[in-house]
Amino acid sequence: MDWLKAKNIILVMLILLNIFLLINVMSVKDVFKFTGQYQKDAKQALEEAGIVIEGKIPFYGRPLGRISYIEAEPDKYKKAVERLTGLTYEPTEDRRRGEWLNNGLSFILDGEKFIYTNENDTQVFSVEKEQKLCRELSAWIKKKGIFNDSFLPDRIIRDNDTVTVEFVRKYRGFPLFDNNIVFHLSGSQLIKVEGSLKVFDTIKLSKADGIVSANIALLTGKDKIKDVITSVEIGYLQPQSEELFDIPVWRICLKSGEKVYFNAYTGEWLEVN
């Protein structure tokens, strides 16, 4: 092949590459334009329906699967018992139940949740600075080395000198709203840690199905919204205890502190127990 012919082929390939890149850039711009317009139109439609929102409505439309849980093996409870109390864990017929006490250290499994206390704990927490407090409690979780997944702070409740901080388990970037660890502090001292036994279990994800957008769920269930919306978030929840799966939900947090949930598959309001 002579040089002139090769040069022409290379030139044609570069032109085609530039066209391809231009099309992709324009596509990305269109997506951002659409997303911005969606936010504006959705918020306007909701306000016309009497729903006031502080902040933005999340734009998420990818299919999501259901979550089921495989009960934790005894080794996971063994690690928790040994690291939190220094005692030896001997599995019983019901491995989700037991009580271990050791010189002021207490760890209890009651079938649904765990409870940990340490009467000798002298660590001081920064209860007046919420971000720093959350960092310190995140470090506490990591230092114990009990859980494989990450956790994110979900809410802080103050009552005089008592502070309650709830963390939720995160899976593939999504919060699992009832997979929680709750820290109870009095003054600057940690007095109790409790949480769902689900945090020990292994997650299994089913085939994904399509979901409805947050604004459709809000417009469909607008009569359930009794106050200003402070945040809208997608995550997972088991609405009723007898159900087998956690499903994707839109969680709506209201200024009053109330939380309202909508099934992300159907947009229907969920009664949560």
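**Exercise 1. Place N215 and describe its surroundings.**

Step 1. N215 lies in helix α4, residues 214–220. Helices (H or I, at least four residues) and strands (E, at least two) are DSSP runs, numbered from the N terminus.

Step 2. N215 has a relative accessibility of 13%, so this residue counts as buried. Buried means under 20% relative accessible area, exposed over 50%, and partly exposed in between (1.4 Å probe, protein chains only).

Step 3. The side chains of N215 and S213 share a polar contact of 2.5 Å. A polar contact is a pair of N or O atoms within 3.5 Å; within protein, one must be able to donate a hydrogen and the other to accept it, and residues adjacent in sequence count only if both atoms are side-chain atoms.

**A note on the model.** This is a predicted model: local features need pLDDT of at least 70, side-chain atom pairs count only at pLDDT 80 or more, and totals for chains, interfaces and linings use all residues. Residues are numbered from 1 along each chain as its sequence is written, and side-chain values use heavy atoms, with hydrogens and water left out.

**Exercise 2. Trace the salt bridges of R251.**

Step 1. Start with the total: the structure holds 15 salt bridges. A salt bridge is a side-chain nitrogen of Lys or Arg within 4 Å of a carboxyl oxygen of Asp or Glu.

Step 2. R251 pairs with D154, and their closest N and O atoms are 2.8 Å apart. This pair links distant parts of the chain: R251 is in strand β11 (residues 247–254), D154 is in strand β5 (residues 150–159), and 97 residues separate them.

Step 3. R251 is buried, at 4% relative accessible area.

Step 4. E233 also forms a salt bridge with R251, with the closest N and O atoms 3.2 Å apart. Here strand β10 (residues 229–237) supplies E233, and the two residues are 18 apart. E233 is partly exposed, at 27%.

**Exercise 3. Examine two further sets of charged residues.**

Step 1. D178 and K198 meet in a salt bridge of 3.7 Å, N to O. D178 sits in strand β7 (residues 174–186), while K198 sits in the loop between β8 (189–196) and β9 (202–205). Both D178 and K198 are buried.

Step 2. Salt bridges also link E71, E73 and R95 in a network.

**Exercise 4. Find the buried side of helix α2.**

Step 1. Helix α2 covers residues 74–85, twelve in number. From first C-alpha to last, α2 reaches 16 Å, close to the 16 Å expected at 1.5 Å a residue. The expected span is 1.5 Å times one less than the number of residues.

Step 2. List the buried residues of α2: P74, Y77, A80, V81, L84 and T85. They cover an arc of only 125° around the axis, so they lie on the same side of α2. The arc is that of the directions from the helix axis to the C-beta atoms.

Step 3. Their cover includes β2 (97–102), β3 (105–110), β4 (113–118) and α3 (130–144).

Step 4. Just after α2, G86 takes a positive phi of about 80°.

**Exercise 5. Identify what F245 touches.**

Step 1. F245 is in the loop between β10 and β11. F245 is partly exposed, at 36% relative accessible area.

Step 2. Leaving out residues up to four places away in sequence, F245 touches R66, I67, S68, L237, Q238 and P239. Contact means heavy atoms within 4.5 Å.

Step 3. F245 and S68 are 177 residues apart in sequence, yet 5.0 Å apart in space, C-alpha to C-alpha.
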